[in-house]
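Please look over the sequence and the structure shown below, and then read the report that follows, which goes through a selection of local features.

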Amino acid sequence: MAARISHWIDGKPWAGVAARTGEVYDPATGAVSGLVDFAAPSEVDEAVSAAARAFPGWRDTSLAARSKVLFRFRELLVANKDELAAIVTAEHGKVLDDAAGEVGRAIENVEFACGVPALLKGGFSENASTKVDVYSIRQPLGVVGVISPFNFPAMVPLWFVPNAIACGNTVVLKPSEKDPSAANFIADLFARAGLPDGVFNVLHGDKVAVDGLLTHPTVRGISFVGSTPIAKYVYETGTSNGKRVQALGGAKNHMVVLPDADLDLAADAAVSAGFGSAGERCMAVSVVVAVDPVGDELIERVKSRMAVLKVGDGREKDSEMGPLVTAAHRDKVTSYLDAGVAAGATLAVDGRDHEIAGPADGFWLGPTLFDNVRPDMSIYQDEIFGPVLAVVRTDSYESAVELINNNPYGNGTAIFTNDGGAARRFQNEIEVGMVGVNVPIPVPVGYYSFGGWKNSLFGDTHAYGPDGLHFYTRTKVVTSRWLDPSHGGVNLGFPRND
Ligand code: NAD
């Protein structure tokens, strides 16, 4: 029977009955595994009100006490990481090992936020003017909304929530309706860690829930991750409603292979980063830029690795790649195979022919490789978000850089080379937010920040790390003078510092 997945409001599962629900699938079997609440505007109000009620108490909770809750939450996450990974696999489809990797990166973000007492230190200038001290403090925004995509149902919420609450905000999370259960599991762990009721709430649903958060007068900030058109919409709607917004969008990540690269390393990287999580990663490599004369040899090595990839149910130990998240998404991704052929690309490996170790009704598509892809083709221009790797051949380092810099996305990129000078030039010249040198998925560690350029990010601050603390706090500067005998009487001039 399909499980009910309800909102989580004020420290517990919401007891009401949702007017609308959505189906959640097990992507490996195609069966409906759950029914998730879809919030109506009144439920948005309930979740935001719970967060607003919790805010005054939480913002005045000491840094030491907030950090203790986060330490306890971190311990609970570690103790329950296998269960959380299994929940991710059951609704997303990615293989268990990959889901465990996602949870591991989520834990990194919690560990960063545990250091909040040290991280929120302000500045202090004694005697900035005669007997006047100036200091800066960072204060929380209030109620903030976090809206997350389907592809990292545990990690992306935990990019934001730990920093948001560490800084003293209260949160309403709107996870993806495609794999909503991880959010409730996380909410339960927070409650067990001693987080006061209402500090973290989960509101499930679709556009109605998102629009409710974007226009709600009590919500002060929005962190969004998803596709570029929705990210742009969220940024424009949220900011025009007076909110601080960071909206991370889609990607088309290029991996450049120079002729001097270690081709086995490059082929391993292209296959791992192209087909890991069935290509449903915003940092997946979707374009390999093969600089002459490396193309033929690289493609042979990539093909031989693709041929032996085990595609099957993510719960099976030996599966390397799982299904796509829904049938609709699988069909959309598959439509690009015909589009690529029609546009004149060479279908070097057709994922429809790959052997699948799973039930026929699962949302399967095997790994696909296109060669001779040109920038005017839709398989190059669109974010396909599936196991489809495109190879663009080019004649020089310069034309590889020009190709990437002309692409409207700028999330991640990588260069494979043994030439340190070329790598250094690449990291300087490339217009992309996250760069890997012989590293295919350069997701920054938790104490740096994550974010792309161009159409991959709307807003000024990146996610998590130091940028996260900036996003979730407002700075206040206090200029203070305590009375002493030198008090000089009325002065209508502009305050001078001397
Ligand atoms: P999506 O844009 O469809 O959905 C993201 C969120 O927005 C979900 O919570 C969804 O319910 C909501 N939403 C969907 N349509 C909406 C609408 N019309 N109005 C308001 N809200 C709406 O994205 P997805 O398919 O869940 O996730 C995949 C996308 O996310 C890819 O484009 C991927 O590149 C991107 N992504 C980006 C990053 C990054 O850091 N830049 C990370 C992960 C995923």
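## A loop residue and its backbone

Asparagine 372 has a relative accessibility of 36% and therefore counts as partly exposed, since that class lies between the limit of under 20% for buried and over 50% for exposed. This is a predicted model, and the values in this report were computed from it. Asparagine 372 is placed in the loop between strand E18 (368-371) and helix H13 (378-381), and its phi is near 55°, which is a positive value in a residue other than glycine.

Serine 277 is another case of a positive phi in a residue other than glycine, with a value near 55°. Serine 277 lies in the loop between H10 and E14, and at 6% relative accessibility serine 277 counts as buried. A further backbone feature is the peptide bond from aspartate 292 to proline 293, which is cis, with omega near 5°. Proline 293 is located in the loop between strand E14 (285-291) and H11.

## Salt bridges

How many salt bridges does the count come to? The count comes to 30 salt bridges, and the table gives three of them, with the distance between the closest N and O atoms.

| Acidic residue | Basic residue | N to O distance |
|---|---|---|
| Aspartate 264 | Arginine 305 | 3.0 Å |
| Aspartate 338 | Arginine 352 | 3.2 Å |
| Glutamate 429 | Arginine 425 | 2.9 Å |

The salt bridge between arginine 305 and aspartate 264 links distant parts of the chain, as arginine 305 is in helix H11 (residues 295-307) and aspartate 264 is in helix H10 (residues 263-275), 41 residues apart. Aspartate 264 is partly exposed, at 35% relative accessibility. Both residues also belong to a network of salt bridges, in which Asp264, Asp268, Glu297, Arg301 and Arg305 are linked.

The salt bridge between aspartate 338 and arginine 352 also links distant parts of the chain, with aspartate 338 in helix H12 (residues 327-343) and arginine 352 in the loop between strand E16 (346-349) and strand E17 (356-357), 14 residues apart. Aspartate 338 is partly exposed, with a relative accessible area of 46%, and arginine 352 is likewise partly exposed, at 38% relative accessibility.

Glutamate 429 and arginine 425 are four residues apart in helix H15 (residues 420-429), and they are therefore separated by about one helical turn. An α-helix has 3.6 residues a turn, so residues three or four places apart point the same way. The side chains of glutamate 429 and arginine 425 meet in a salt bridge. Glutamate 429 is partly exposed, with a relative accessible area of 29%, and arginine 425 is partly exposed as well, with a relative accessible area of 37%.

## Buried positions in helices

Is alanine 50 buried or exposed? Alanine 50 is buried, with a relative accessible area of 0%, and its place is in helix H1 (residues 41-59). Leaving out residues up to four places away in sequence, alanine 50 touches Ile9, Asp10, Gly198 and Asn201. Alanine 50 and threonine 170 are 120 residues apart in sequence, while their C-alpha atoms are 9.1 Å apart in space.

Asparagine 109, which lies in helix H4 (residues 96-114), is buried with a relative accessible area of 4%. Not counting its neighbours within four places in sequence, asparagine 109 is in contact with Leu158, Trp159, Pro162, Gly446 and Tyr464.

Helix H14 (residues 397-406) is largely enclosed by the rest of the structure, because seven of its ten residues are buried. The buried residues of H14 are Tyr397, Ser399, Ala400, Val401, Leu403, Ile404 and Asn405.

## Patches on the surface

Which residues gather in a patch of positive charge on the surface? They are Arg220, Arg244, Arg474 and Lys476. Arginine 474 is found in strand E25 (residues 473-480) and is partly exposed, with a relative accessible area of 41%.

A nonpolar surface patch of about 340 Å² is made by Val445, Tyr447 and Tyr448. Tyrosine 447 lies in the loop between strand E22 (434-437) and strand E23 (453-454), and because its relative accessible area is 55%, tyrosine 447 is exposed.

Notes
Residues are numbered from 1 along each chain as its sequence is written. This is a predicted model: local features need pLDDT of at least 70, side-chain atom pairs count only at pLDDT 80 or more; totals for chains, interfaces and linings use all residues. Side-chain values use heavy atoms; hydrogens and water are left out. Patches are made of residues with over 30% relative accessible area and no salt bridge: like charges are joined within 9 Å, nonpolar side chains (Val, Leu, Ile, Met, Phe, Trp, Tyr) within 5 Å. Accessible areas come from the Shrake-Rupley method with a 1.4 Å probe; for residues, only the protein chains shown count as cover. A salt bridge is a side-chain nitrogen of Lys or Arg within 4 Å of a carboxyl oxygen of Asp or Glu. Lys and Arg count as positive and Asp and Glu as negative; His and the chain ends are not counted. The place of a charge is taken as NZ of Lys, CZ of Arg, CG of Asp or CD of Glu. Helices (H or I, at least four residues) and strands (E, at least two) are DSSP runs, numbered from the N terminus. Buried means under 20% relative accessible area, exposed over 50%, partly exposed in between (1.4 Å probe, protein chains only). Contact means heavy atoms within 4.5 Å.
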